[in-house]
Amino acid sequence: KVFQAVVSCIGGDGTIYIIPKSFETALNKMMAEIQNTFKGLGLLIPYCWKKGEACVVRGSDTVWYRAKIVEVSSSTLQVQYIDHGYIESIPQCHLYPTTFYTGIPPFCIPCQLYKTLPIGNFWQQEAVEYLQELLKNEEVEIHVKELPDNPRGKLSISLYFGGMSLSSFMAYQRYCVAEDCQDIQKLGVFEGDLSPSYLLQPLPLPGETFPVTVTHLVSPKEVYICLDSSENLTKHSATERSASCDSESLSKALKWCNKIVKTLPHLTNFKKELPCLAEYVDGLWYRAKLLSITQLVPVQILVQFVDYGTYLVAPTSRLRHIPCHLLKYPVQAVRVLLAGFRPASDDKNVERIPYSPEWSLKALWTMVDCVEGKRLSASILTVSPEVTISLYGDDKNLVHLKLIEMGLAELDQ
C-alpha cells in the first residue's frame, strides 16, 4: 500500500511516527471534542498513577492531548502522546486520568525503515537529530513493505521525500546500510559523470488561448513565459493541467532539496548546458543550467534558471549537483518572441539596452510595467523556427499597444 502521511515525531531510538493524511479529519474532530470536554488545569489532588494508564495531557501550547503514562517518578510523569508519538516529562498538575476516548486507536503509526540497518545496530544520536530536522511535520510518501508480527509493533516501510528514498539517502550519509541495492541506485543524486538534460515543456496547440505569467524579459520582444493554470483547471487543456501538476510537484521536490542541499557535492564539471542546482540571491536553490565561464580567477559561471529564464553569474560555491529525479519535470519557463510590433524607428531615447541596442531602456521598463504581476493570456502563432505568440493583458488587449501609443514601438505586419 502507498499513501501520504505527515511525520509527527522521530523517537529517540529512530522510530518514525507518522499520521496518514486520511486520518487527519477524524483526528481533528476528536481533538476538538477533547478541548470541549477538558477545561482548566489538570488533576490537583493526589493520585496514584500507574505505568500504561490512559490520561489527557495539557501541553505547553495549552491544548489537551491523549497520552499514556510511560514512567512514574515523585514530581513528574513521563508520558507519550499516543496520537503523535513523542515522549515528554510533565508535572502531575498538567495531567488528568480518563477513560474517555480509550476505545479509539492511536492515530499515529510507529514505523521502521525496511531492510535498513543503522551503523552499530542502533540509530546514533546524530542520526536521530538529523532525521528530526529533515522530517518532522513534513508530508512524505509511505510504501508499506511488511506488517508487524505484534499489533503494537513497528510497520516496516520505505519512505520517500521529494522523490528520494530516505533509506538510500541516510545510507549515503553513512548513518546506515540499506540492504536494497537497487534502491540506492535509484537515488541518482550523485551521478556526476552522466550528461543529463532537462525535458522541454509541452505547449498548447497554435490558436488556443491560454493563461500565462511572464517570468523574465530579455527585451520588449523576447520574454520567458510560464503556463499558468492555477485558476479553474477544468476549463484548461490537458497540457495546461499537466503543467500545473508538474509545477506543484517540482515545488515540493525543490523544497526538500533545499533542506538537504549541503549534502550534495559541488560541481566539478562545467560543460555547457549541464543541469545543476544554483543558489539565487534569495538564498534558495533552484534548477539551472551552465552557459559559460565568465571569469577564470576566481572562477565565475554564467547560469540560467530554467524555470524562470533569469540569469546569474555565480561562483562555484553556489553550484551543486542536481538530483536526477529533478530532471523528470519539464522546464517551466519557455522562451518566446512577441508578434505584431518592432522597435520604433524614430525612438529618440538615448539610453539603449546594451545587448539589444535596437530597443530603448524606456521601452523595456514600459513593457515590464505592462506584464509584471498581471493576469495575461497568450496564443501561439508559430513554433518554428522560434515560438512566436500574441500576448494579451488582463483587459484582453495586446500588451504591446501601450508601447506603440508612447512611440516606443511600431506595428509590424
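Contact here means heavy atoms within 4.5 Å of each other. Keep in mind that this is a predicted model.

**Exercise 1.** Work out where I260 sits, whether this residue is buried or exposed, and which residues it is in contact with beyond its sequence neighbours.

*Solution.* Start with the secondary structure: I260 belongs to helix 5, which covers residues 238-260. Next, check accessibility. The cut-off for buried is under 20% relative accessible area, and I260 comes in at 1%, so it counts as buried. Now skip the neighbours within four places in sequence, and you're left with contacts to Y130, L134, F161, M164 and F169. Take F169 from that list: its C-alpha atom is 9.6 Å from that of I260, with the two positions 91 residues apart along the chain.

**Exercise 2.** Classify the aromatic pair of F38 and W64, and place both residues in the chain.

*Solution.* Searching the whole structure gives 17 aromatic pairs. For F38 and W64, the ring centres are 6.0 Å apart and the planes make an angle of 40°. Planes under 30 degrees apart would be stacked and over 60 edge-to-face, so this pair is tilted. F38 is in the loop between helix 1 (24-37) and strand 3 (54-58), while W64 is in strand 4 (residues 64-72), so the pair links distant parts of the chain, 26 residues apart. Both F38 and W64 are buried. Ring pairs also join these two with Y96, F100 and Y101 in a cluster.

**Exercise 3.** Find which rings have K136 and K221 over them.

*Solution.* For K136, the charged end sits over the ring of Y86, 5.8 Å from the centre. For K221, look at F341: the lysine lies over the ring face, 4.9 Å from the ring centre.

Note on methods:
Residues are numbered from 1 along each chain as its sequence is written. This is a predicted model: local features need pLDDT of at least 70, side-chain atom pairs count only at pLDDT 80 or more; totals for chains, interfaces and linings use all residues. Side-chain values use heavy atoms; hydrogens and water are left out. Helices (H or I, at least four residues) and strands (E, at least two) are DSSP runs, numbered from the N terminus. Buried means under 20% relative accessible area, exposed over 50%, partly exposed in between (1.4 Å probe, protein chains only). Rings of Phe, Tyr and Trp (its six-membered ring) pair if their centres lie within 6.5 Å; planes under 30 degrees apart count as stacked, over 60 as edge-to-face and the rest as tilted. A charge sits over a ring if NZ of Lys or CZ of Arg is within 6 Å of the ring centre and within 35 degrees of the ring normal.
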